[in-house]
Amino acid sequence: MFAWTIVQLVALFWIIYYVWRKLLASRRSTLPQPPGPYGLPLLGYMPFLGKRPHVTLKKLAEKYGEIFQLQIGGQQTVVLGSIETIREAYSKDVFAGRPTTPSIKAFLESGPSRFAMRTANAKWKFLRKVSFKALSLVASSQNSRLEAVVDEAAEGLEAELTAYNGQPFDPQRNIFDCVASVIGSALFGSDFNSKDELLKPVLQLPDRLASFFAVGNLLDTLPFGSVIMRKKIKDFLEAITPVNQVTEKYIGEHVVHCEQEDDIRDVADALAMVAKQTPLDLKQQIGLNDDAIRCSATDLFGAGFATTMETVRWAVNLLAVSPDVQAKARLELEQVCGDQPVQLTDRSSIPYNEAMLIEILRFSSLAPLGLPHSTMDDTTLHGYFIPKNTTILANFYGHHRNAKLFPDPESFKPERFLTNDGSLNMDATQLVIPFSVGKRRCVGENLARQELALIIGRLLQKFQIFQDPNNPVDVHDAYPGFNRRPIKTPIIFRKIVQ
Ligand code: HEM
């Protein structure tokens, strides 16, 4: 009886708060707020989001339009469903904030840099700029270092896949090693060891991250979620500890190098050098210390590793169910590269392979809702008023499944990005935006595109990829959570004899 009264009181309080907030917003602007569905007191629309919120939000967009709003727990949320609204909003500073949900707060407190989850303040701006510059050391098409790094990792992968001798197996662990080795060496240099025992628990990390940051998760939506779900936060912090430990070990070695030498060998050196050379008064003004600058390398590893690994896994699954796509891509590689491994400079001569890569990114839509943004001030979009501190979600998945832009969107068809004469249709490729757009666009986009082109190209040159007839691959489903991770399935790799 007492508990019921409490529930009624809380619900009443919530309704008063909700109406008061609406009234307050209507005083600040005469413009309407976006339309959208009602939810329950306190929980808002959270109970109806389902396991795949991006799918539910796509359906809601069909009813309410390309900009609509809903309440998710305590967060007033606006969802952008078209490329025009996403481009327009994300090009503006006012949309470049990040919400301060309990999951994001916990993550920010777990390390000194964490700029991917910081709101758009001076610290974020500085760390984003220096990371972008540091990454351009490895991710430029003139740079053959990435090719050398991929060569070595791909050789290891080739040996491991060959050892299965055409038997079906789940290649997740092997792809993990290969991508860890590529991104680790790109960031931390040739001493990076992807077989480091410390890295083992990192294999489980994508699953943990997916549920921790998922839209509508209980921690962020339940009232007093961070008090009720302390164990969830503790488990998450424990899960990310190995990434910090591995990368801090390498960062420490780079600091020593940069104290003695002036040459920059990799991304970690570039960041250590920025920390060394930035004037103290500037650091104080922004509120940064050397550790935060150097540890951006940890953030880059964290942000760049699972995303690239899962995309390679999507590629393998999609190719396994598309023998015709494989054959066309392989033939083009043979004609352009002969028996040499594909290089970055070949990319302009292999339009079918490039179209295939874009189709993999569209189809997988790995970050279906991107990372959440937040409005830094009251603002407007397409004639709607959007108050300060509104959470903004861009439905990249919904956009990539828009049948008007991508006919038959559930089919895997690289041809949709080619012109009649077989060259790349640049206008069509610009419609695929898996790395987001605007002020907070992914800083690792170039590196990711290059890594993917090289790793997938080399796999195709060496192996024919098949699904196991006893365990067909399902590419139309993905594990629920913050990222669309492909379903784990045994795959057959048959070595091509040259
Ligand atoms: C296939 C691979 C990848 C995908 C699909 C991807 C996708 C994304 C998306 C959707 C965002 C959110 C952008 C926004 O908030 O609007 C993002 C942010 C970010 N990504 Fe990536 N990413 C990938 C690879 C990488 C790599 C390789 C790195 C680094 C080496 C990286 C580093 C980052 C960072 C640091 C941010 C935060 C940017 C900011 O908040 O200003 N990502 N990425």
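**Exercise 1. The two faces of β2**

Take strand β2 in this predicted model and work out which of its residues point one way, which point the other way, and whether they are buried or exposed.

*Solution.*
- Start with the general pattern: side chains in a regular strand alternate between the two faces of the sheet.
- Now sort the residues. Gln 75, Thr 77 and Val 79 go one way from β2, while Gln 76, Val 78 and Leu 80 go the other way.
- Then check the burial on both sides: all of these residues are buried. Put as a count, 6 of the 6 residues of β2 are buried, so the strand is mostly covered.

**Exercise 2. Building the sheet around β2**

Find the order of the strands in the open sheet, and say which strands stand at its edges.

*Solution.*
- The sheet has 4 strands in the order β1-β2-β6-β3, and the pairing is mixed.
- β1 (67–72) and β3 (373–374) stand at the edges; each has a single partner strand, so one side of each has no neighbour in the sheet.
- Look at the β1 side of β2 next. β1 and β2 (residues 75–80) run antiparallel and are joined by 6 bridges. Two bridge partners in β2 help you get the register: Val 78 for Gln 69, and Thr 77 for Leu 70.
- The hairpin of β1 and β2 has 2 residues between the strands, and Gly 73 takes a positive phi there, near 60 degrees.
- On to β6. Here β2 and β6 run parallel, with 4 bridges joining them. Leu 80 stands opposite Ala 394 in β6.

**Exercise 3. What surrounds the ligand?**

Describe the shell around the ligand: which residues come nearest, which helix gives the most, and how the residues divide by type.

*Solution.*
- There are 24 residues around the ligand, and the nearest are Ala 116, Gly 304, Ser 436, Cys 442 and Gly 444.
- Go through the helices. α15 (296–320) and α20 (445–462) each supply at least two residues of the shell. α15 gives the most, with 7 residues.
- Split the shell by type and you get 13 nonpolar, 7 polar and 4 charged residues.

**Exercise 4. Zooming in on Cys 442**

Place Cys 442 in the chain, decide whether Cys 442 is buried or exposed, and find what Cys 442 is in contact with.

*Solution.*
- Cys 442 is in the loop between α19 (426–429) and α20.
- Count the neighbours: Cys 442 has 20 C-beta neighbours inside 10 Å, so Cys 442 counts as buried. The cut-off for buried is 20 or more.
- Leave aside the neighbours within four places in sequence, and Cys 442 is in contact with Phe 435 and Ser 436. Ser 436 is also one of the residues that come nearest to the ligand.
- As a last step, look at the record: in an unreviewed UniProt entry, the annotation "binding site" covers Cys 442.

**Exercise 5. Two positive phi values outside glycine**

For Phe 224 and Asn 389, give the phi value, the loop and the burial class.

*Solution.*
- Phe 224 has phi near 55 degrees, positive though the residue is not glycine. Phe 224 is in the loop between α9 (218–221) and α10 (225–228). With 8 C-beta neighbours inside 10 Å, Phe 224 counts as exposed.
- Asn 389 has phi near 65 degrees, again positive in a residue other than glycine. Asn 389 lies in the loop between β5 (384–386) and β6 (391–394). There are 15 other C-beta atoms within 10 Å, so Asn 389 is partly exposed.

**Exercise 6. The packing of α4**

Which residues of α4 are buried, and which helices do they pack against?

*Solution.*
- In α4 (residues 102–109), the buried residues are Pro 102, Ser 103, Ile 104, Ala 106 and Phe 107.
- They pack against α8 (205–212), α9, α10 and α11 (230–260).

**Exercise 7. How the two domains meet**

Give the bounds of the domains, the separation of their centres and the residues that make the contact.

*Solution.*
- Domain 1 is 1–30 and domain 2 is 31–495.
- Over C-alpha atoms, the centres of domain 1 and domain 2 are separated by 38 Å.
- The contact takes 8 residues from domain 1 and 7 residues from domain 2.
- On the side of domain 1 that touches domain 2, the residues divide into 5 nonpolar, 2 polar and 1 charged.

How values were computed
Residues are numbered from 1 along each chain as its sequence is written. This is a predicted model: local features need pLDDT of at least 70, side-chain atom pairs count only at pLDDT 80 or more; totals for chains, interfaces and linings use all residues. A residue is near a molecule or strand if its C-beta atom, placed from the backbone, lies within 6 Å of it. Ala, Val, Leu, Ile, Met, Phe, Trp, Tyr, Cys and Pro count as nonpolar, Asp, Glu, Lys and Arg as charged, and the others, Gly among them, as polar. UniProt positions are given in the numbering used here, feature names are shortened, and annotations may be inferred rather than shown by experiment. A residue is buried if 20 or more other C-beta atoms lie within 10 Å of its own, exposed if 12 or fewer, and partly exposed in between; C-beta atoms are placed from the backbone. Two strands pair if DSSP finds at least two bridges between them. Domain bounds come from an automatic or database domain assignment.
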